[in-house]
Amino acid sequence: MATVTKRDRVMAALRGDAVDRVPLSFWLHNFAAENSVKEFVAESVRLAREFDWDYLKPQSRAQCFAEAWGLRYQASNERAVPYTRTYAPCADAAALQRLQPAGPAAGALGEQLEALRQIRAAVGPDTPIIWTVFSPLMVVPYLLPGGLEQMLTIARAAPAALEAALAAIAETLAGYTSLALAAGADGLFYATNVARAELISPAECRRFQRPYDLPVLAAAAPGSFNMLHVCGAGVLFDEFLDYPVQAISWAQAPGNPSLPEGRRRTGRAVVGGLPAKPVIATLTTEVVAGHVHAAVGATSSRGLLLGPDCSINPDTPEPLLHAARAARDAGAAGGSARV
């Protein structure tokens, strides 16, 4: 039998084919290491080599997209302590209305692209890399002093202002996406955390989310591994059934479908099976292994990529991550299908 590479394994899982073992990865911030290209690359490569994950989602700093429009922050020197925002560049709806597209290779975005180039060079061509891009609707709260609550108020009181900002952000992120593919990404980890029933209605999702997601995903279309991540409980899952991606990730949380149901409803590969922050750091190795076995069993190991519901605690005990791989490998040795 020919050697199965990580890329072979991941692409087979995305197609829903039999795999020698289910692909596995985790992702987590290191808040102290994410503020310079050198340290971000070093930590990303360390994790890749330490855990030998099948695919990589390097954890760019969350605020990098808003930095393109002037967000300022105090960096953290602690692995598990996030940054502190010191300046939100858009005070109100009028400021959002004036927002213009930013340079997709300038400033913080350019730094992220350089990190991607270096990570790709370090891990080689065999390991698929998905590169984080936030939905425009997820970026806007970083720009406002009142965050998500202020954005939702503007959406209902001054929707044209929000739409102008979303259009500018979408144009920028579409350009950034094309550059990320050229820099070595196989596709996007495209995330939204606003599409939840407790925050917006389906009609608002179709007005403020979808029209600004699709241009970014169109730019990602040449990629072979684009993953949509819909964060939180009670997600508006039906609004994303036809998104042009190869895989979908969401939390196994109240109001959300199970992994088999999500795979049935979307016809896409599903990503998940493992708890995210803050739960995972409290578990035992036996419980983590149980989550692996449950996810693989529920999907019959087809169309599944093992991963966390969302990012995991920066200080998650590393034996838990090794336990997930050991459980996956033990299951494969026990009789999963071969490529």
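Is D186 buried or exposed? D186 is buried, with a relative accessible area of 10%. The views below are drawn from a predicted model.

**View 1. D186 sits in a loop and pairs with R7.**
The loop that holds D186 runs between helix 8 (159-182) and strand 4 (187-192). The relative accessible area of D186 is under 20%, so D186 counts as buried. Look for the side chains of D186 and R7: a polar contact of 2.7 Å joins them. Apart from neighbours within four places in sequence, D186 is in contact with R7, R120, T127, P128, I129, L181, G223, S224 and F225. L181, one of these partners, also belongs to the residues of helix 8 that meet helix 9.

**View 2. D54 is a buried loop residue with polar contacts to R9 and L24.**
D54 is found between helix 2 (37-51) and helix 3 (64-67), in the loop. Its relative accessibility is 2%, so D54 counts as buried. The side chain of D54 makes a polar contact of 2.7 Å with the side chain of R9. The D54 side chain also reaches a backbone atom, the nitrogen of L24, at 2.9 Å. Residues up to four places away in sequence are not counted in the next list. D54 touches K6, R9, V10, V22, P23, L24, T127, P128 and R328. T127 and P128 are among the residues in contact with D186 as well. R328 is also one of the helix 12 residues that meet helix 11.

**View 3. D52 has a positive phi in the loop between helix 2 and helix 3.**
The phi of D52 is about 55°, although D52 is not a glycine. D52 lies in the loop between helix 2 and helix 3, and D54 is found in the loop between these helices too. How accessible is D52, buried or partly exposed? At 31% relative accessibility, D52 counts as partly exposed. D54, by contrast, counts as buried at 2%.

**View 4. Helix 8 and helix 9 run roughly parallel.**
The axes of helix 8 and helix 9 come within 8 Å and cross at roughly 15°. That angle is under 35 degrees, so helix 8 is roughly parallel to helix 9. The crossing is right-handed. Which residues of helix 8 meet helix 9? They are P159, L162, E163, L166, A167, A170, L173, A174, T177, S178 and L181. From helix 9 come R207, F208, Y212, P215, V216, A219 and A220. By class, this contact has 14 nonpolar, 2 polar and 2 charged residues.

**View 5. A220 is a buried residue of helix 9.**
Helix 9 spans residues 202-220, and A220 lies in it. A220 has a relative accessible area of 0%, so A220 is buried. Beyond its neighbours within four places in sequence, A220 is in contact with T177, L181, L188 and N226. T177 and L181 are among the helix 8 residues that meet helix 9. Measure of distance here is C-alpha to C-alpha: A220 and Y176 are 9.8 Å apart in space and 44 residues apart in sequence.

**View 6. Helix 11 crosses helix 12 obliquely.**
Helix 11 covers residues 285-299 and helix 12 covers residues 318-333. Their axes come within 8 Å and cross at roughly 40°. The two helices are therefore oblique to each other. Helix 11 passes helix 12 in a right-handed crossing. On the helix 11 side, the meeting residues are T285, V288, A289, V292 and H293. On the helix 12 side, they are P319, L320, A323, A324, A327 and R328. The residues of this contact divide into 8 nonpolar, 2 polar and 1 charged.

**View 7. The loops on either side of helix 11 hold a cis peptide bond and a positive phi.**
A cis peptide bond joins K277 and P278, with omega about -5°. P278 lies in the loop between strand 7 (269-274) and helix 11. S301 lies in the loop between helix 11 and strand 8 (304-308). S301 is not a glycine, yet its phi is positive, about 60°. The relative accessible area of S301 is 9%, so S301 is buried.

**View 8. E78 is a partly exposed loop residue.**
E78 is found in the loop between strand 1 (72-74) and strand 2 (84-87). At 49% relative accessibility, E78 counts as partly exposed. E78 touches F31 and A32, residues up to four places away in sequence not being counted. E78 and A218 are 37 Å apart in space, C-alpha to C-alpha, and 140 residues apart in sequence.

Technical notes: Residues are numbered from 1 along each chain as its sequence is written. This is a predicted model: local features need pLDDT of at least 70, side-chain atom pairs count only at pLDDT 80 or more; totals for chains, interfaces and linings use all residues. Side-chain values use heavy atoms; hydrogens and water are left out. Axes are lines fitted to C-alpha atoms, for helices over the stretch in contact, and angles run from 0 to 180 degrees between N-to-C directions. Helices (H or I, at least four residues) and strands (E, at least two) are DSSP runs, numbered from the N terminus. Angles under 35 degrees count as roughly parallel, over 145 as roughly antiparallel, 65 to 115 as roughly perpendicular and the rest as oblique. A crossing is left-handed if the near helix is turned anticlockwise from the far one by less than a right angle, and right-handed if clockwise. Contact means heavy atoms within 4.5 Å. Ala, Val, Leu, Ile, Met, Phe, Trp, Tyr, Cys and Pro count as nonpolar, Asp, Glu, Lys and Arg as charged, and the others, Gly among them, as polar. Buried means under 20% relative accessible area, exposed over 50%, partly exposed in between (1.4 Å probe, protein chains only). A polar contact is a pair of N or O atoms within 3.5 Å; within protein, one must be able to donate a hydrogen and the other to accept it, and residues adjacent in sequence count only if both atoms are side-chain atoms.
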